[in-house]
Amino acid sequence: MSVSSRNIADIRKDYQMAELDEATAGDDPFAFFGKWFAEAEAAEAAEVNAMTLATVDLHNKPHARIVLLKGLDEKGFVFFTNYSSAKGLEIESNPFVALVFFWQELERQVRVEGRIERVSEEESDHYFSTRPEGSKLGAWSSPQSQSIPDRSILENNYRLYTGQFGNNIPRPPHWGGYRVIPSYMEFWQGRSNRMHDRIVFSQGATEDWAKTRLAP
Ligand SMILES: Cc1cc2nc3c(=O)[nH]c(=O)nc-3n(C[C@H](O)[C@H](O)[C@H](O)COP(=O)(O)O)c2cc1C
């Protein structure tokens, strides 16, 4: 089967934009993530806050999908979703997850691993209140991850909920935020000849961060 005008095996890119060393990474992985995020924004990275979220289900099978980073504080990385979705159920049964950011415009990848917990009801309420009305109604209308016979179910739900709440659409009880609290953060800078730079911050028994370099 041909899916590309080129042979897929011939697609390759040499990474030459930048270098990453231990001193540049500093001692605070959150501060360094903030610096790289700002640089990715400045470089107009497409969907700069899009991240792959990997979860593991009850049968130890992994699942991955994109979600949007909506907050970052000294504790961790926040995103919002449907608590009754597949990912929500996986998270409730196994609170260890991984995130991946890929900022191709800067030839950079960041990997985050740790445990996950729900944000407070107040945090979820606050973020929900800032969403456009259509997104609020969408959260009510979609039984995320469930099999539906056709699209009309969604459209009908949307119509039913439109007008039901007036101007003040409440947050659905099944919808809210999660915070990923990292114990591992890896910063990857592409380099020439596949000799990339990888600087890792990891926590052992204490909350102190140990910094190390990994072979690419
Ligand atoms: C760019 C992009 C951003 C997305 N952002 C979110 C998000 O913030 N929250 C969310 O629940 N799903 C988001 N999705 C949809 C998820 O990838 C996924 O399809 C959905 O959450 C259902 O996943 P699940 O069945 O594994 O729970 C996004 C998808 C894309 C492509």
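Helices (H or I, at least four residues) and strands (E, at least two) are DSSP runs, numbered from the N terminus. By that rule the chain has six helices and nine strands. This is a predicted model: local features need pLDDT of at least 70, side-chain atom pairs count only at pLDDT 80 or more, and totals for chains, interfaces and linings use all residues. Residues are numbered from 1 along each chain as its sequence is written.

Start with the whole chain. Its C-alpha trace spans about 60 × 50 × 40 Å along the principal axes. A residue is buried if 20 or more other C-beta atoms lie within 10 Å of its own, exposed if 12 or fewer, and partly exposed in between; the C-beta atoms are placed from the backbone. Of the 216 residues, 22% count as buried. Two residues are in contact if their C-beta atoms, placed from the backbone, lie within 7 Å. Take the contacts between residues at least 6 apart in sequence: 63% of them join residues at least 24 apart.

Now follow the strands. Two strands pair if DSSP finds at least two bridges between them. Seven bridges join β1 (50-56) to β2, and these two strands run antiparallel. Met51 stands opposite Val67 in β2. The β1 and β2 hairpin has five residues between its strands, and Asn60 takes a positive phi near 65° there. β1 also pairs with β5, again in the antiparallel sense, over three bridges. Here Thr52 has Val100 of β5 as its bridge partner. β5 in turn pairs with β6 over eight bridges, antiparallel once more. One bridge in that pair links Ala98 to Glu113 in β6. β5 and β6 form a hairpin with four residues between them, and Glu107 in the turn has a positive phi of about 55°.

Look along β1 and the side chains alternate. Met51, Leu53 and Thr55 point to one face and are buried. Ala50, Thr52, Ala54 and Val56 point to the other face and are not buried.

What gathers inside? In soluble globular proteins, nonpolar side chains tend to be buried together. A nonpolar core here is a set of buried Ala, Val, Leu, Ile, Met, Phe, Trp, Tyr and Cys residues joined through C-beta atoms within 7 Å. The largest nonpolar core has 25 residues. Those with the most contacts inside it are Val97, Leu99, Val112, Tyr178, Val180 and Phe187. β1, β4, β5, β6, β7 and β8 (197-203) each give two or more residues to this core. Another core, of five residues, lies apart from it; among them are Tyr83, Ala139, Trp140 and Trp175. Back to Phe187: leaving out residues up to four places away in sequence, Phe187 touches Leu20, Ala25, Phe32, Trp36, Val110 and Ile199.

Next come two helices. Helix α5 (residues 133-141) has Lys136, Leu137, Ala139 and Trp140 as its buried residues. They cover an arc of only 150° around the axis, which puts them on the same side of α5. The arc is that of the directions from the helix axis to the C-beta atoms. On the other side of α5, Gly134 and Ser135 are exposed. The buried residues of α5 pack against α4 (121-130), α6 and β7.

In helix α3 (residues 86-93), the buried residues are Lys87, Gly88, Glu90 and Ile91. They fall within an arc of 165° seen down the axis, so they line one face of the helix. They pack against β1, β2 (62-68), β4 (77-82), β5 (96-103), β6 (108-118) and β7.

Helix α3 also leads to the ligand: β2, β4 and α3 each supply at least two residues of the shell around it. A residue is near a molecule if its C-beta atom, placed from the backbone, lies within 6 Å of it. The ligand is surrounded by 16 residues, and the closest are Arg65, Thr81, Ser85, Lys87 and Ser145. β2 gives the largest share of this shell, five residues. By class, the shell has seven nonpolar, six polar and three charged residues. For that count, Ala, Val, Leu, Ile, Met, Phe, Trp, Tyr, Cys and Pro are nonpolar, Asp, Glu, Lys and Arg are charged, and the others, Gly among them, are polar.

Finish at a loop. Pro172 is found between α6 (152-161) and β7 (175-189). Is Pro172 buried, partly exposed or exposed? Pro172 is partly exposed, because 18 other C-beta atoms lie within 10 Å. Pro172 touches Ala139 and Trp140, not counting residues up to four places away in sequence.
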